[in-house]
Amino acid sequence: MPRSLHIVSFDVPFPPDYGGVIDVYYKIKSLKEAGVNVHLHAYAYGRVHSEKLDELCASVNYYDRNMSSALFFSRDPFIIASRRSDELLQKISSNDLPVFFEGLHTCTFLGAPELSAKKKFVRTHNIEHDYYRSLAAVEKKFSRRFYFNSEAKKLERFEKKLSLANGIFAISPADAEQLSSRYKNVEHVMAFHPNEKVEIKSGSGNFALYHGNLEVGENDLAARFLVNEVFSFLPFELIIAGNNPTAQLKKAVSGKKNIRLLANISTAEIDALISEAQVNVLPTFQATGIKLKLLAALFRGRHCLVNSPMIANTGLEKICVIGETALAMRARLNELFAKNFDADEILLRKNILGENFSNKKNAEKLIAKIF
């Protein structure tokens, strides 16, 4: 009899075009390839139902997310209270299959009496209260800053429900270490991703690339840092690519002859830019989880320039170039634009990424624990 389980996703995981759903989608794909039947339950709020998910899953169920502003005053965090569906509870409690909750977002029923006899597992995508506090720290609007701080307090309190899970799968070594200090049965399972093998173009490029969801405060801050403090002092071209850039970022780029902003382009176009760039430059000011855009750059791109928060406790330190300050990044960029990406560097990436970032090996770790 084939192995089967329920997966409860915080969003519809197709198309896999941002960090969290990339991990969910390629996890489902890898589990199917390993012979597991996935019954997917996804909250839909702006993303359409997908025939691709029908092909991958034994069944797909969609639920509306309740975006009522009244839930901002709930004791539970809004990201959790807004994902509460009695229909979902009825479906996942109707049989004895294990339940896999994607993110703390979906854990509203982790302690439900109806699920008390079932095996329950949680994939943590961040230490959520730390993540929300870091969002608050870079947010300029008072109302949003207040919301992020309030949500952080609620998330820290709600997180204690993870003690009810049979297993917790942390996305980064640092998260696993922190969660292990509070809960049992924590394992590190690295992010699932679309890259089957290291494929790096020969030759050299003539621009640097920063990519990410530009409406997220963290990414907006990093992009403006590169514009104002790094590339404004260099002759090299910088392309910034991603969804929904802020007015502040558009203003910062305006008038800069060596900086281009490409808004709302496709995943395929971003992938092409990653491959063509001489340097993928990816600073961050939040050492949370692991950034899937970093994995994309390492599997497909040439030189990868980061600061230490981007790679802290990831095992990727040996295959990135590090510049901590704007001045250091400028110096490293001058070096990297004059340097071809050689065969030894490609081999090192293949060794490190193949050993630690294999979707097949990660799926095997999940299966061994769940079944």
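Begin by selecting N244, which sits in the loop between β9 (237-242) and α9 (247-253), and look at its backbone: in this predicted model, N244 has a positive phi of about 50 degrees, although it is not a glycine.

From there, move to the loop between β1 (3-9) and α1, where P15 is found. Select P15 together with F14, since the peptide bond that joins F14 and P15 is cis, and a viewer that reports torsions should give an omega of about 0 degrees for that bond.

Next, display two helices, α8 (residues 217-230) and α13 (residues 326-336), whose axes come within 10 Å and cross at roughly 80 degrees. That angle makes α8 roughly perpendicular to α13, because angles of 65 to 115 degrees count as such. To see what holds the place of contact, show the side chains of F225, L226, E229 and V230 on α8, and then those of A326, M329, R330 and L333 on α13. Coloured by residue class, the contact of α8 with α13 divides into six nonpolar residues, two charged ones and no polar ones.

A second pair of helices can be shown in the same manner. Select helix α10 (residues 267-276) and helix α11 (residues 292-300), which pack with their axes 8 Å apart and at an angle of about 55 degrees. This makes α10 oblique to α11, and the crossing of the two helices is right-handed. Which residues of α10 and α11 meet here? On the α10 side they are D271, I274 and S275, and on the α11 side they are A296, A297 and R300. By class, the residues of the contact of α10 with α11 comprise three nonpolar, one polar and two charged.

Now leave the helix pairs and turn to empty space. Select N195, E196, S358, N359 and K360, which lie nearest the centre of the second largest pocket among the 20 residues that line it. About 270 Å³ of space lies in this second largest pocket. Adding α1 (19-33), α14 (343-356) and α15 (359-370) to the view is useful here, as each of these helices supplies at least two residues of the lining. Over the whole lining of the second largest pocket, seven residues are nonpolar, six are polar and seven are charged.

The last stop is a cavity. How many cavities of 30 Å³ or more does a search of the whole structure find? The search finds one, and the largest cavity has a volume of about 30 Å³. To locate this cavity, select L104, T124, N126, I127, E128, E159, L162 and L179, which line the largest cavity. When these lining residues are coloured by class, four appear as nonpolar, two as polar and two as charged.

Notes. Residues numbered from 1 in each chain as written. Predicted model: local features only at pLDDT ≥ 70, side-chain atom pairs only at ≥ 80, totals over all residues. Heavy atoms only, no water. Axes fitted to C-alpha atoms, helices over the stretch in contact; angles between N-to-C directions. Helix = DSSP H or I, 4+ residues; strand = E, 2+ residues; numbered from the N terminus. Parallel < 35°, antiparallel > 145°, perpendicular 65-115°, else oblique. Left-handed = near helix turned anticlockwise from the far one by under 90°. Contact = heavy atoms within 4.5 Å. Nonpolar A, V, L, I, M, F, W, Y, C, P; charged D, E, K, R; others polar. 1 Å grid on protein atoms, 1.4 Å probe; cavity = no way out; pocket = protein on both sides within 12 Å on 5 of 7 lines; lining within 4 Å. Points joined across faces, edges and corners; volume = space filled by probe spheres on them.
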